[in-house]
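Me: Could you go through this structure with me and show how each label is earned? I'd like to see the values set against the cut-offs.

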Amino acid sequence: MSNSAKEELTLVTESNGIRRIQLNNPKKQLNVLKSLKSAIEKKSDEIQPRVIIICSSGKVFSAGHDLRELTDATGYAYHKDVFDACTQVMTLIQDIETPVIAQVNGLATAAGCQLVASCDIAIASELSKFATPGVNVGLFCSTPAVALARAVPRKIAMQMLLTGEPITATEALKHGLVSKVVPPEELEAETTRIAERINSNSRSVMALGKACFYEQVQQSRNEAYKNASDAMVRNLNYPDCQE
């Protein structure tokens, strides 16, 4: 890797409709969050990606916020900027039409765990671990809890939040935090395989389906069925459904 590449907070590559965003310095969380948001929203020179993969260099997927950036010296406005930036990225991932996959090989803690929980799909290596350890240093992981509580059972989420203890990749799979666990040497190939499979589907159909999914999970049963039925009726009129 060149010196200029090492200085980049996110490295973006695109090939055949798949955008890969590599977190290049997981420790500088605020700047990484802003860089990640820009990388997700980046307009392609050709066609917009059908799938986005978020991965990381090294043994840490994302360690969350650097508490050295969150001192009295940096002040309220800076602290708010950090958490606002984090919220913008997490909501953006679920609000955009493009499916987003987390490719995790290593430690994902605090906002890093939140990032995994926010992605549409998460593929992890057997070496990965997940934690929300803020409580152990006096800063409860309240914002990671939003995504975590929507990805795993509440009692599992509360155990992670109240103890700060990490869970293994196998436990994360059992509780629904990740979609699949594979050996480290198979991680990139399996993530790419899933991305290519998604890439073969209709962009407009996936966009409608993803939007409907996240809308209906927040609704009552009857509202969800009404929303989903309306979506399917609209879907029937899509050209890709008529082929």
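Reply: Sure, here come the labels, one by one.
This is a predicted model, where local features need pLDDT of at least 70, side-chain atom pairs count only at pLDDT 80 or more, and totals for chains, interfaces and linings use all residues. Residues are numbered from 1 along each chain as its sequence is written, and side-chain values use heavy atoms, with hydrogens and water left out.

Me: Why is asparagine 227 called buried?
Reply: Buried means under 20% relative accessible area, exposed means over 50%, and partly exposed is in between (1.4 Å probe, protein chains only). Asparagine 227 has 12% relative accessibility, so it counts as buried. This residue sits in helix 10 (residues 221–236); helices are DSSP runs of H or I with at least four residues, strands are runs of E with at least two, and both are numbered from the N terminus.

Me: What makes the meeting of asparagine 227 and glutamine 219 a polar contact?
Reply: The term asks for a pair of N or O atoms within 3.5 Å; within protein, one must be able to donate a hydrogen and the other to accept it, and residues adjacent in sequence count only if both atoms are side-chain atoms. The two side chains here are at 3.4 Å, and the pair counts as a polar contact. Lysine 34 and aspartate 81 also make one through their side chains, at 3.1 Å.

Me: Why is lysine 34 called partly exposed?
Reply: Its relative accessibility is 39%, so lysine 34 gets that label. You'll find lysine 34 in helix 2 (residues 29–41).

Me: How do you know that glutamate 14 and lysine 42 form a salt bridge?
Reply: A salt bridge needs a side-chain nitrogen of Lys or Arg within 4 Å of a carboxyl oxygen of Asp or Glu. For glutamate 14 and lysine 42, the N to O value is 3.8 Å, and the pair passes. Glutamate 14 lies in strand 1 and lysine 42 in the loop between helix 2 and strand 3 (51–56), so the pair ties together parts that are 28 residues apart in sequence. Glu14 and Lys42 are also linked with Arg19 in a network of salt bridges.

Me: How many salt bridges does the whole structure have?
Reply: A search finds nine. Among them is the one between glutamate 41 and lysine 37, at 3.2 Å, N to O. Those two are four residues apart in helix 2, so about one helical turn separates them. Another joins lysine 226 and aspartate 230 at 3.3 Å, N to O.

Me: Is lysine 226 buried or exposed?
Reply: Lysine 226 has a relative accessible area of 56%, so exposed is the word. Aspartate 230 is at 35%, and therefore counts as partly exposed.

Me: How many disulfides are there?
Reply: Zero. A disulfide is a covalent bond between the sulfur atoms of two cysteines, and the cut-off here is a pair of cysteine sulfur atoms within 2.5 Å.

Me: Why is there no bond between cysteine 55 and cysteine 119?
Reply: The sulfur of cysteine 55 has its closest cysteine sulfur in cysteine 119, but they are 11 Å apart, which is too far for a bond. The sulfur of cysteine 86 has its closest cysteine sulfur in cysteine 141, and at 10 Å that is too far as well.

Me: What makes asparagine 16 stand out?
Reply: Asparagine 16 has a positive phi of about 50 degrees although it is not a glycine. At 68% relative accessibility, this residue counts as exposed.
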